[in-house]
Amino acid sequence: MLMFQYQRLTKRDFMITLLILTLCLTLISFGKFYYSWKQSLSGIVLGTILVLVSILSISLMSYNIDTVHLISKWIETGSLKESITLLKSSTTLNKIVTVLLAVSSSIGVTYLGALGIKNYKGPVRQSEWKAKTNCSNDEEHTLLKLLLADMQFLLKPNNVVFEPGINPFKIEPNNKAINWKDLSLDLLLTSNSDISAKKSNWSNYHCCHICEKTNYATGTKSKIYLFPLTSGDFLKMMEARFQEIINVATSEDQIIFCYENEKASQEFYKFAHSNDLTSLNKLQLIQQSIDVKNYAKNILKRFQESVAISYERNSDSGSKLTSEVTLNNTFSEPRLYEQEEGKTNTYTFNAVISSWLANNSVPQLALLGEFGQGKSTALLEYCARWANNCLTSDEHDNEFSRVPLLIELRGRSPSSFPTPEAMLGDWGNKHGFTGKQLLNLVQSKMAILIFEGFDEVKNAGNKLDRYSQFNALWKYAFQGSKIIFTGRPNFFFNENELNEFLNINDTSASAGTVTSKVYRFNFMELSDIRKVLRNIEPVLAEEIISRASIDSSLMDIAKRPSMLPVIVSQWERIKQSKSFNESITPASIVKGYIEATYVRKEEQVLELGAYQILPWEIRHFITKAIAQFMFAAEAQNTISAIDIDNVTEKVIKDFDKVFLRSDSPQKLRQAVTQLNLDKIEKNETEREVAEKIGSEVRSNGLLVPDPASGSQNFYFPHKQFYEFILGDNFASFHSPNQTNESKVINKFSNYKLAKLGMHGLTGLMRLEPMSFIYFSGLFKADFLRNFEPSISPSKYLKILKPYVNLVELYLIKINERFLFPNDSIIKLILKTLIPMRQIPTISKKESEPKYSIKSVLDLFILTIISMPYTFFTLPSIFFLKCDAEDSLKIKFILMKFSCDENALDKKFGHGAYRKDKERWFQERFINTD
């Protein structure tokens with residue numbers, strides 16, 4: 001009896017506590033929701049979740065007990081404790097009402113929360129800003145990341161970072177007018193190291209710089225009087241004060257008239273008397289302060305000696321000879337186009353550059369192009385023409401008066417440099433320039449800053465990073481400066497971000513030079529291909545041109561300047577594949593080119609009598625791991641020699657597991673066995689072995705020294721090598737039969753991805769989207785039709801897989817405005833509860849929405865079924881929506897590159913959702929007419 005009373009007491013106390021906690025949670029959640037409505041975006045998200053949780057708590061209680069009876073007894077007795085002792089179980093009617101109220105209130109609160117998030121125009125607080133810094137696009141941070149960020153500020157102030165209406169990502173160009181008074185002194189100081197910057201002062205009275213010059217050979221000191229002049233009238237007004245300088249100057253002193261815009265006038269020589277008076281203009285002072293001859297020679301050498309096409313041909317004796325054609329002998333001027341007011345205007349590359357340079361008030365240039373369209377080569381050719389003019393002519397014409405500074409951004413992080421001078425110095429060091437010299441050149445309006453390959457900068461995984469990098473580049477937009485940005489448009493998440501960061505159509509800009517105008521590269525036509533192939537064997541060139549003119553699949557590859565040399569080198573293999581009616585893809589061509597590159601290098605080593613530690617297949621395995629490391633570290637196709645050795649050291653630990661299998665080729669087993677024996681006999685450490693192999697990978701592989709960042713850094717000279725290897729790696733990760741090799745390489749995928757918030761194919765889509773071209777080319781279309789991308793951490797949360805599938809259904813069906821008219825509720829339930837690949841894809845026979853009682857009932861029942869997943873996975877629901885959307889995007893990319901339109905129709909329909917994906921694909925991968 002006592003035990004029974006104790007149990008009853010415990011149950012009563014438990015119910016009272018639960019009821020109080022539920023009421024408190026309800027009050028807190030509604031309070032949080034109300035307070036955050038116009039004050040905090042992350043607070044709205046957290047408040048919505050708390051309200052949903054409180055609804056769930058009340059619903060669970062009402063589902064088990066008769067709450068109506070409880071409330072009536074509470075009112076009747078006036079005692080909560082006594083009313084709890086009289087609890088009754090919930091009736092069937094009460095349960096039905098509870099479920100209906102729970103569902104309707106949950107939908108209402110969710111809708112209200114979504115409305116608040118969508119229309120939020122309040123201040124940006126620390127929680128929202130923290131969420132923005134850890135996401136890759138505007139949509140991602142509004143959900144799970146906002147929720148987690150707000151939770152971190154529950155017990156500390158969540159201060160305002162930006163007030164309403166202020167864009168935290170607004171680019172702020174420098175556009176500062178450079179004072180000739182200060183610039184003239186800087187130019188003088190950089191032209192003569194004998195002049196002391198610390199002992200140089202400006203005299204307001206005499207309107208000149210008074211500098212001290214030391215002859216370190218004799219120890220004597222003298223003065224330099226520098227008059228920065230902008231017009232002849234200035235000196236006439238200062239004649240009396242200038243005469244004072246003449247009277248005190250000694251024979252060792254020097255007086256310099258330095259004109260910004262014109263040469264010195266002879267009329268002022270009468271004031272010089274016997275003193276040494278020098279008259280200079282800005283150009284002459286610049287020529288004294290910086291010598292660009294060596295830089296010009298390096299540019300010209302690079303353009304004239306770089307091998308563009310290498311292929312084998314038959315000699316007269318029947319042996320194979322290797323022919324090489326340099327870049328200057330294959331160059332074909334590209335065409336650019338702009339889209340303006342619904343029209344597409346096409347121009348030649350040189351016409352655009354010449355017109356832009358001739359007008360000092362026009363916006364900066366943004367030259368955008370997809371992979372392999374010849375952006376880098378076109379700019380190098382322009383710089384080479386300037387270099388040739390610089391080295392062969394004393395006088396510069398208007399077009400070549402500015403020095404083009406070709407700054408490769410690959411592997412650089414502009415935002416990490418404290419000043420513009422620092423980044424210029426880092427680039428100019430290898431050309432013998434100081435940062436101050438280059439900054440003076442830019443501020444003197446005598447340079448063209450070419451920021452080449454902005455899509456290859458370091459640290460650009462999320463919008464804040466990309467904003468920081470571009471904001472740093474725009475700091476060079478001094479008044480009168482000339483800047484060219486080049487890169488791939490798919491670097492940006494969407495067209496709005498492209499316009500924002502390139503400062504396109506900025507109506508609030510005070511001058512045209514702080515904005516930029518976009519031109520895009522066109523693909524080559526047959527006439528261009530003929531020009532590129534003008535210096536290879538005529539028979540070979542004609543075969544390629546003839547085949548491309550009738551084979552659209554080959555033309556799609558050949559129209560890219562970077563792919564045409566690959567086609568030339570692989571032409572025999574391509575012809576053989578065509579004879580067997582095999583499909584030719586960029587993946588198959590680049591794969592053959594890589595193998596041929598390794599074989600050719602091995603033959604060169606054998607001719608020299610050198611010894612290779614490992615065959616090329618194993619060195620390529622290490623190279624694939626290096627590429628994966630680059631991707632995970634967001635290094636953008638650049639890696640240091642030390643990191644190559646580090647990756648190699650990790651990889652060789654798995655050599656036995658990968659290459660000592662019974663099915664491995666004999667030469668690979670022998671090579672690894674010999675490596676192990678040598679290590680034991682020579683008593684070498686793993687680091688010593690790794691350094692030897694790493695040196696071999698660098699010298700006899702695909703990597704070469706990186707001209708952009710120094711000899712101790714390496715990169716893939718053909719960007720398609722890097723993209724193909726990544727596509728090959730990820731294809732192996734998702735292959736039905738994953739090998740030990742792919743498992744080892746996959747270890748390098750998690751280097752920084754967790755920090756970046758990127759996982760697997762999602763990261764590949766955002767960092768190197770063109771790798772999907774190669775990924776798709778490595779599988780048959782049938783495989784890709786059934787392939788379901790595995791995205792993000794959901795693979796570790798198996799219980800969430802049904803919800804991922806449900807969200808995917810919603811994304812396709814709701815966006816199409818279909819309420820499941822053609823599908824039975826059984827199929828929908830099964831499709832929700834088990835992986836999608838096991839259920840046939842839902843077919844859609846009609847293109848117009850059909851609303852019926854059955855379809856509405858189906859949707860309602862499906863919502864009820866999904867409610868347990870909804871409530872048990874509330875913290876994960878929001879990122880799973882993005883997860884499923886990314887999965888669908890990746891699926892669309894792969895099918896678009898490999899499957900026919902019927903397969904796409906079957907998976908994505910042909911309505912609004914399909915059109916949205918087509919539009920996204922065009923912006924991300926095509927961007928051309």
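1. Let's start with helix 12, whose buried residues are Tyr295, Ala296, Ile299, Leu300 and Phe303. They sit on the same side of helix 12, because they cover an arc of only 130° around its axis. The cover over these buried residues includes helix 14 (375-392), strand 13 (403-408) and helix 15 (420-428). Helix 12 itself runs over residues 293-305, 13 residues in total, and its first and last C-alpha atoms are 18 Å apart, close to the 18 Å expected at 1.5 Å a residue. Please keep in mind throughout that this is a predicted model.

2. Some context for the chain as a whole may help here. The protein chain contains 41 helices and 19 strands. Of its 929 residues, 51% are buried. Among contacts with a separation of 6 or more, 71% join residues 24 or more positions apart.

3. Helix 28 (residues 666-681) can be read in the same manner as helix 12. With 16 residues, helix 28 reaches 22 Å from first C-alpha to last, close to the 22 Å expected at 1.5 Å a residue. Its buried residues are Leu668, Ala671, Val672, Leu675 and Asp678. Seen down the axis, they fall within an arc of 125°, so they line one face of helix 28. You may like to look at Asp678 in your viewer, as this aspartate is listed among the buried residues. The partners covering the buried residues of helix 28 include helix 25 (616-632), helix 27 (655-659) and helix 29 (686-699).

4. Which exposed residues does the face of helix 28 turned away from its buried side carry? They are Gln666, Ile680 and Glu681. Ile680 is the one I would point out to a colleague, as an isoleucine listed as exposed on that face.

5. Just after helix 28 comes Asn683, with a positive phi of about 55°. Asn683 belongs to the loop between helix 28 and helix 29. Is Asn683 buried or exposed? Its relative accessibility is 67%, and as the cut-off for exposed is over 50%, Asn683 counts as exposed. As background, most residues other than glycine have a negative phi.

6. Helix 23 (residues 571-579) has Trp571, Ile574, Ser577 and Lys578 as buried residues. These lie on the same side of helix 23, because the arc they cover around the axis is only 120°. On the other side of helix 23, Glu572 and Ser579 are exposed. The two serines make a handy pair to click on: Ser577 is buried, whereas Ser579 is exposed. Just after helix 23, Asn581 takes a positive phi of about 60°.

7. Lys445 is another residue other than glycine with a positive phi, near 65°. Where does Lys445 lie? Its place is the loop between helix 16 (435-443) and strand 14 (447-452). At 35% relative accessibility, Lys445 counts as partly exposed, whereas Asn683 counts as exposed.

8. Now to the cysteines. A disulfide is a covalent bond between the sulfur atoms of two cysteines. How many disulfides does the count come to? The count is zero. Take Cys208 as an example: the closest cysteine sulfur is in Cys207, 7.8 Å away, and that is too far for a bond, given a cut-off of within 2.5 Å. Cys208 has 0% relative accessibility and counts as buried. Cys899 is buried as well, with a relative accessible area of 9%.

9. Last, the internal space. Searching the whole structure turns up six cavities of 30 Å³ or more. The second largest cavity holds about 90 Å³ of space. Its lining consists of 11 residues, and those nearest its centre are Phe492, Phe493, Asn494, Glu495 and Glu923.

10. Which helix gives the most to the lining of the second largest cavity? Helix 41 does, with three residues. Helix 18 (495-501) and helix 41 (912-926) each supply at least two residues of that lining. If you open the model at this spot, Glu495 and Glu923 are two glutamates to look for, both among the residues nearest the centre of the second largest cavity.

Technical notes
Residues numbered from 1 in each chain as written. Predicted model: local features only at pLDDT ≥ 70, side-chain atom pairs only at ≥ 80, totals over all residues. Heavy atoms only, no water. Helix = DSSP H or I, 4+ residues; strand = E, 2+ residues; numbered from the N terminus. Expected span 1.5 Å × (residues − 1). Buried < 20%, exposed > 50% of the residue type's maximum accessible area, 1.4 Å probe, protein only. Arc of directions from axis to C-beta. Contact = heavy atoms within 4.5 Å. 1 Å grid on protein atoms, 1.4 Å probe; cavity = no way out; pocket = protein on both sides within 12 Å on 5 of 7 lines; lining within 4 Å. Points joined across faces, edges and corners; volume = space filled by probe spheres on them.
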